[in-house]
Amino acid sequence: MSMDLSVWSRTEFKIPEQLPEPDTWSCFEKECSYEGNGWQIIVLMADDEPSSEVLARFPKAQKGVYVSLEPLGAGREGYRMLENVVRSLSRMSEGVWVDAFGSVFQWNEGVFQ
């Protein structure tokens, strides 16, 4: 199982440039991955439309990425990197991020646990 979040913007994402430690990511076509100690983060460009919850909070949302941390038991280091990725993408793209429950936040809002 994985922790799955998303980030939405009005403009195209610049991946891996907008990711933390951009030179350490492996990228192929629409997907980038980051390997940790027993865990990984995958960033995948979205082909679908933003949800109504995203549009209610950020009406200009057009482009999205999905961010997954595998496995759920990744530990503190993996979750810290997941937070860095999501906050970096939403801040640099001037967009919003969506938690696992569908709540929508600006880059500096919301709590990671």
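Let's start with what Ser68 touches: leaving out residues up to four places away in sequence, the contacts are Met3, Asp4, Gln40, Ile41 and Ile42. Please keep in mind, everyone, that this is a predicted model. Within that list, Asp4 deserves a second look, since the side chains of Ser68 and Asp4 make a polar contact at 2.6 Å. As for where we are in the fold, Ser68 belongs to strand β5, which covers residues 63-70. Is Ser68 buried or exposed? The relative accessible area is 15%, and buried means under 20%, so Ser68 is buried.

Now, on to the rings. How many aromatic pairs are there? The count comes to 4. Take Trp25 and Tyr34: the ring centres lie 5.3 Å apart and the planes meet at 50°. Why do we call that pair tilted? Stacked would need planes under 30 degrees apart and edge-to-face over 60, so at 50° the pair of Trp25 and Tyr34 is tilted.

Both partners also sit below the burial cut-off I used for the serine. Trp25 has 8% relative accessibility and counts as buried, and Tyr34, with a relative accessible area of 13%, is buried too. If you have the structure open, add Trp39 to your selection, because ring pairs link Trp25, Tyr34 and Trp39 into a cluster.

One last stop, for those of you who like charges and rings together. Which ring does the charged end of Arg91 sit over? That would be the ring of Trp107, with the charged end of Arg91 5.9 Å from the ring centre.

Terms used:
Residues numbered from 1 in each chain as written. Predicted model: local features only at pLDDT ≥ 70, side-chain atom pairs only at ≥ 80, totals over all residues. Heavy atoms only, no water. Phe/Tyr/Trp six-rings, centres within 6.5 Å; stacked < 30°, edge-to-face > 60°. Buried < 20%, exposed > 50% of the residue type's maximum accessible area, 1.4 Å probe, protein only. Lys NZ or Arg CZ within 6 Å of the ring centre and 35° of its normal. Helix = DSSP H or I, 4+ residues; strand = E, 2+ residues; numbered from the N terminus. Polar contact = N/O pair within 3.5 Å; in protein donor to acceptor, adjacent residues only side chain to side chain. Contact = heavy atoms within 4.5 Å.
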